[in-house]
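Please examine the sequence and the structure shown below. The paragraphs that follow lead from one residue to the core around it and then to the charged pairs.

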Amino acid sequence: MLTVDSPLRPASHGPEELVPSRYALKVGDIDVMVVSDGVLPLPATTMATNADPADLADWLDHMFLPPDKFDWPLNVLVVRSGDQTILVDAGVGTQFPGFPRAGQFPARLEAIGIDLASVTDIVITHMHMDHVGGLLAPGVKQRLRPDVRIHVTDAEVKFWASPDFSLTVMPEAVPPVLRSTAARFLAEYRDRLLVFKERREVAPGVVARRTGGHTPGHCVVDLASGGKRLMFAGDAVFPVNFEHPGWQNGFEHDPEEAAKVRDRLFRELMIDGGLLVAAHLPFPSIGRVMADGDAYRYVPVFWDY
């Protein structure tokens, strides 16, 4: 668990929530905290745009979920490696009024005693509004240190200069907000961006690498220390994809490539036995991947109190 002198150590003060919103663990010498930004209520069909509606309905029923809407969890990561504190994604902020139960991340960090000024680096897996919007929330930029380093792939920055939504299947109101949020993020933080092509070691044992698929510049973040591993997969994985890795998500800009990326990442996790965390798996979103016939099985970790 987190060490006593860790900047990620939860404070003893601050409001307590009935539903836990953070979970701490260690990956070797690396401190990790998964923090919930809330949930995103979206049409259930968005999770599997190429699935037979009856098959999707069966899956939702099997999971005891409503047939029409699905509350996508939204998880972000705070990591400490050496003297660096790294934020991986930043939640949705206040960018879309249709998501009133999301945008909790900045307040939750403050409530548990993590100062935004302690963040040395930010990794953006991709520039969808539910991953950069938190950086645009009121007061956040002013609380970040002026020399904070924001790591994002070159392909992602180039894509959002003129984004292509032709293969996506999103609610009609969403694409304009995605465009405006990405444009505002680039305008406000361009001087702090450190772009990379394919791979960057952000801190000891913390590596961001481009996968593409979900967006052309989408990346995952690999943690490795002391023989232990964890992958933050961003939006490469959704809850339906273990049983149905070929089901396409409506937010994927290249759904066929995204399915290939997903399969490749699942196989990597099976081989190295590493932990998986993803933005839209149920909080705290920590588990392992196992083979299950022609598909996969997600095995959540037992919570460590």
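Which residues does Glu-156 touch, not counting residues up to four places away in sequence? They are His-126, Met-127, Thr-215, Pro-216, Gly-217 and His-218, where contact means heavy atoms within 4.5 Å. The model is a predicted one, in which local features need pLDDT of at least 70 and side-chain atom pairs count only at pLDDT 80 or more, while totals for chains, interfaces and linings use all residues. Residues are numbered from 1 along each chain as its sequence is written, and side-chain values use heavy atoms, with hydrogens and water left out.

Glu-156 belongs to helix H5; helices (H or I, at least four residues) and strands (E, at least two) are DSSP runs, numbered from the N terminus. With one of the residues it touches, Thr-215, Glu-156 shares a side-chain polar contact of 2.7 Å. A polar contact is a pair of N or O atoms within 3.5 Å; within protein, one must be able to donate a hydrogen and the other to accept it, and residues adjacent in sequence count only if both atoms are side-chain atoms. Although Glu-156 is buried, it has no salt bridge, and the nearest side chain of opposite charge, Arg-210, is 7.8 Å away. Here buried means under 20% relative accessible area, exposed over 50%, and partly exposed in between (1.4 Å probe, protein chains only). For charge, Lys and Arg count as positive and Asp and Glu as negative, while His and the chain ends are not counted. A salt bridge requires a side-chain nitrogen of Lys or Arg within 4 Å of a carboxyl oxygen of Asp or Glu.

Met-127 leads from Glu-156 into the nonpolar interior. Leaving aside neighbours within four places in sequence, Met-127 is in contact with Glu-156 and also with Val-132, Val-152, Val-157, Trp-160, Ala-182, Phe-185 and Leu-186. The largest nonpolar core has 58 residues, and those that touch the most other members are Ile-122, Ile-124, Met-127, Leu-135 and Phe-185. Such a core is a set of buried Ala, Val, Leu, Ile, Met, Phe, Trp, Tyr and Cys residues joined through side-chain atoms within 4.5 Å. Among the elements that each supply at least two residues of this core are strand S2 (30-43), helix H1 (53-62), strand S6 (149-153) and helix H5 (154-159). Its largest share, seven residues, comes from H6. Apart from this core lies another, of 25 residues, including Tyr-23, Leu-25, Ile-30 and Ile-86. In soluble globular proteins, nonpolar side chains tend to be buried together.

The charged pairs form a further part of the picture. The whole structure contains 14 salt bridges. One of them joins the side chains of Asp-154 and Lys-158 (2.9 Å, N to O); both residues lie in helix H5, four residues apart, about one turn of the helix. Asp-154 is buried, at a relative accessible area of 15%, whereas Lys-158 is exposed, at 54%.

Glu-268 and Arg-209 also meet through their side chains in a salt bridge (2.6 Å, N to O). Because Glu-268 lies in helix H7 (residues 255-272) and Arg-209 in strand S9 (residues 206-210), the pair ties together parts that are 59 residues apart in sequence. Glu-268 is partly exposed, with 25% relative accessibility.

A third pair is Glu-252 and Arg-262, whose closest N and O atoms are 2.9 Å apart in a salt bridge. Glu-252 is buried at 0% relative accessibility, and Arg-262 is buried at 0%.
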